[in-house]
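Welcome, and please open your viewer. We will go from stop to stop, selecting a few residues each time.

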Amino acid sequence: MVVLHRTSSSALLWYRLNICRYKHRLNHPGVHIPHGVQYQTPYNLPDEYAEQPLYPPIRPKHPPGSWGSMDPKKAWMHFELGEKYYRHLKCVKERLTIMAYQNMMCYYDELDVEQINSKLIWMLTGRPRSPRSLPFYKYITQTHVTDELPKFYEQMDVESLLNYVKPILIERILTDEYAQKEDIPLEDMYDKGDYKIPSIMRDKQTEKDKTRTTNVLTKMVRTIVNVLAEHKPYLRKTLIGSDVPIEAWWSSNMNGVKIDRAKWHHDSNTTSFQFRDKASVQVKTDRPLRSIVDPNSSLCQTPVPLCPYSPSSYKVFTDRYLPMQIPGHWHGEGHDYNLLTIYPMDSIYRHDSYFSEDELLPSLMSWIVNASHAELLAQAYYLGFSMWREPTYPLIAQTVLSNRRQWIFGVYQLNTVAHFKPYDAHTTSNICWVSPLMNLYDRIENGELVNFNDDVLRQLLRFVLNEPVQEPNWNLRPYVEDLTNLDERYKKFIRNLYEIVKLDQQDSRDHHRWAKVSHGTTVFNRRYAMMTALFKDIVFDNWPREWYGRTLEKIERKKNMPLFREYDLLMPVTR
């Protein structure tokens, strides 16, 4: 025992150094100090025991579902990303906006100024730019293709309707063909003797042909629907639109193919595709079509062959674009299902296609596969499904390609949208049925259609008469919450958030490798940051930090910024 006779500073310092030196030994079981200070045990263990040990559950190697040879860490990353996506976002409009915002990137230009733009995406159009590209489009859409239409169309008796509609339709076609006049621009009315570039003149002629095809096809479909609506009540509720935009985004696993660009930011083994095209005519309904085959059938389990080539091998190139899902309309219009979609195929004969006669039909099949998959994928997102939530029932699309004289029909059944998974994880494939190329007529001569083909009109009538399921016995939107009891301020936030996706003006040029266009900072990021800052109370309460936006990130950083004396000089200070 140490006894201090004076209370000088040196004595107190000597006491603290010696006592604190052996302080950790006071409660040591091998040292007995009867007169020392005894510290109580900090934890009082309860005298309770269980017959079986209660351990936390051990997480399995892979999440629920089929993941194949994917790395377990990436599989759990995708699973948790989907859980967060559906747990925090209550509405489809929120999910579509977050999907677009997650594709933004921040970088610094030559003057060290912060720039924000979209990431690179492989841009797809309906018309394939390269021949023999059908294996590539089958692979990236996970589609099995058959060269004949389903048999159930043959069971539909349309002979009486064919005899009634045929003269009306022939008169309509002849009237449109003879009544349409070419709009000649003012600068082309006078021949100035200037040299005209052949490629530009061919492009202008192609656009004129597409415009005429759109006008003729729109009037043909409207005539058929108006005639048949008297006996088919579901046709009275349909919506018919022309020049309809079709856009869809998805992430695809390349299964070992080395790609140095357009990688998805969540997984470097996947890449992103964006489909963008316009349909001439689209007929929309509020009920789904019947499935063609059972998704568990052997046909839907047919494996799709691998395509070990880069997208650039098929003249598919990248561009900076905002990911969008547009199945022909914006979300919330009520008619979320498509009955019939017709595309103009005048551009398939353009000079840069280089298609021979034996390559024309596979190229048209590629067009039908790509366009039908994109349309149904965007439709699935509008119904609440996504790459993390597979459709609970098949989605059907009836697609037609035509240039007024030649027609080709296709039926597509969408069974899966989880294209980010590896090849050995896919247990179900999408199915596409395609008819041969047929001529509606050979030519127009002396005011008559020479060799009019009734089979083309017969198949078109069968597509229109394919009645949707009026009272389905399954939930059409299982992953969409009821927003009737939601706060009015939250509803206003959702509406305004989706409007900034609509307002984002994208360039309408064709995506060529040689097109040099300077891209500036997109306005979508600034509008998104402004909207999340205006409704920051909702964002702070419901969203994780990675969805805040640039303005809220700066506010959060300043709020949590330590004082000057709390900075660690060994760690760099980030702005």
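Here is a short tour of a predicted model, with a selection to make at each stop.

**The largest nonpolar core.** Begin by selecting Phe493, Phe524, Tyr528 and Trp543. In the largest nonpolar core, which has 98 residues, these four touch the most other members. Now add helix 7, residues 357-382: with 14 residues, helix 7 gives the most to this core.

**Around Tyr528.** Keep Tyr528 selected and show its surroundings. Leaving aside residues up to four places away in sequence, Tyr528 touches Thr97, Ile98 and Tyr101. Tyr528 also touches Leu497, Ile500, Trp543, Trp547, Tyr548 and Gly549.

**A second core.** Next, select Tyr153, Leu228, Leu235 and Trp433. They are among the 47 residues of a second core, separate from the one you just visited.

**Helix 4.** Move on to residues 134-141, which form helix 4. Is this helix largely enclosed or open? Six of its eight residues are buried, so helix 4 is largely enclosed by the rest of the structure. To see the buried ones, pick Leu134, Phe136, Tyr137, Tyr139, Ile140 and Thr141. Then step to Gln142, which follows helix 4 and has a positive phi, near 55°.

**Two cysteines.** Finally, select Cys300 and Cys307. Why do both count as buried? Buried means under 20% relative accessible area; Cys300 is at 0%, and Cys307 is at 4%. If you are looking for disulfides, the structure holds zero.

Note on methods
Residues numbered from 1 in each chain as written. Predicted model: local features only at pLDDT ≥ 70, side-chain atom pairs only at ≥ 80, totals over all residues. Heavy atoms only, no water. Disulfide = S-S within 2.5 Å. Buried < 20%, exposed > 50% of the residue type's maximum accessible area, 1.4 Å probe, protein only. Core = buried A, V, L, I, M, F, W, Y, C linked by side-chain atoms within 4.5 Å. Helix = DSSP H or I, 4+ residues; strand = E, 2+ residues; numbered from the N terminus. Contact = heavy atoms within 4.5 Å.
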